[in-house]
Amino acid sequence: MGTSGMNEDLQDGIKKADSTMEDKTKASEEDLIVKLQEMEKKAAENYDKYVRAAAEMDNYKKRAVREKAEAIKYGNENLLRDILPLVDNMDRAMEHACNSDDFDAFREGMKMLKQQLLSCLQKHGVEQIEAVGKDFDPHVHEAMLQVESKEHEESKVVGEFERGYLLNGRLLRPSKVSVCRRLKKDDQK
């Protein structure tokens, strides 16, 4: 074979190689296009999920605000429902008091109303603070005055001006009290 035969074989080989490269390049480009289309589809799906999640979050926030407003507006509904019978009983007591001279019966009726009210409050988590005879506690008592006494121990509550209350264990109103201060030996003379 001469040089011209070799050149032809070489040129045929180069043409085949170029053809193979073009085929591989076309296949590679087609694969890339398919992958790009798949990624665009996936991106569109993810964006759709994001938009839906954002809308759901916005709806949740609006619903939470609305529910909170309703809870604030109507939160005392059960308490008020329980107090309404007390109002009815007070109306009956006032009517009876106007038509009767029996003060003892009126007093007993008022005691019953007070017990009914305290039971209603207790049902809703309100409890009275016991003060008289207890040690003074600045967390639940407010000292209005000090009373000098030989009969009581130092810092004991000896009188109560206003009863204190707790709501579910948290101070609602402190008891307003008078506190004992022992007389010093010099003062006892």
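**Entry 1: β1 and its partner**

I started with β1 in this predicted model. I found four bridges joining β1 to strand β4, residues 164–167, and the two run antiparallel. To fix the register I looked up one pair: Glu 127 stands opposite Leu 166 in β4.

Next I followed β4 to its other neighbour. Three bridges join β4 to β5, again antiparallel. Leu 166 turns up here too, with Leu 171 as its bridge partner in β5. I noted that β4 and β5 make a hairpin with two residues between them. Asn 168 sits in that turn with a positive phi of about 50°.

Putting the strands together, I get an open sheet of three strands in the order β1-β4-β5, with antiparallel pairing. Its edges are β1 (126–129) and β5 (170–173), each pairing on one side only. Neighbouring strands in this sheet are turned by 40° against each other on average, ignoring direction.

**Entry 2: the whole chain**

I stepped back to count elements. The protein chain has three helices and six strands, and along the sequence the pattern reads α-α-α-β-β-β-β-β-β.

How much of the chain is buried? I get 13% of the 189 residues. The exposed area comes to about 15,800 Å², and carbon and sulfur atoms supply 53% of it. I also checked contacts with a separation of 6 or more: residues 24 or more positions apart account for 62% of them.

**Entry 3: a nonpolar patch**

I went looking for nonpolar surface and noted a patch made of Tyr 47, Tyr 50 and Val 51. Together they have about 350 Å² of accessible area. Val 51 belongs to helix α1, which covers residues 3–74. I wrote Val 51 down as partly exposed because its relative accessibility is 37%.

**Entry 4: salt bridges**

Side chains of opposite charge can pair when their charged atoms come close. My total for this structure is 11 salt bridges, and I went through some of them.

Asp 82 pairs with Lys 123, and the closest N and O atoms are 3.2 Å apart. Asp 82 is in helix α2 (residues 77–99) and Lys 123 in helix α3 (residues 103–123), so this pair ties together parts 41 residues apart in sequence. Is Asp 82 partly exposed or buried? At 23% relative accessibility, Asp 82 counts as partly exposed. Lys 123 is at 60%, so I list that residue as exposed.

I then looked at Asp 135 and Lys 156, whose side chains meet in a salt bridge at 2.9 Å, N to O. This pair links distant parts of the chain, 21 residues apart: Asp 135 is in the loop between β1 and β2 (141–149), while Lys 156 is in the loop between β2 and β3 (157–162). Why did I mark Lys 156 as buried? Its relative accessibility is 18%, and buried means under 20%.

My last pair was Lys 176 with Glu 162, at 3.7 Å from N to O. Lys 176 lies in strand β6 (residues 175–182) and Glu 162 in strand β3, so the salt bridge ties together parts 14 residues apart in sequence. Lys 176 counts as partly exposed at 25% relative accessibility, and Glu 162 as partly exposed at 32%. I also noted that salt bridges with shared partners join Glu 162, Arg 173 and Lys 176 into one network.

Definitions and conventions: Residues are numbered from 1 along each chain as its sequence is written. This is a predicted model: local features need pLDDT of at least 70, side-chain atom pairs count only at pLDDT 80 or more; totals for chains, interfaces and linings use all residues. Side-chain values use heavy atoms; hydrogens and water are left out. Two strands pair if DSSP finds at least two bridges between them. Axes are lines fitted to C-alpha atoms, for helices over the stretch in contact, and angles run from 0 to 180 degrees between N-to-C directions. Buried means under 20% relative accessible area, exposed over 50%, partly exposed in between (1.4 Å probe, protein chains only). Contact means heavy atoms within 4.5 Å. Accessible areas come from the Shrake-Rupley method with a 1.4 Å probe; for residues, only the protein chains shown count as cover. Patches are made of residues with over 30% relative accessible area and no salt bridge: like charges are joined within 9 Å, nonpolar side chains (Val, Leu, Ile, Met, Phe, Trp, Tyr) within 5 Å. A salt bridge is a side-chain nitrogen of Lys or Arg within 4 Å of a carboxyl oxygen of Asp or Glu.
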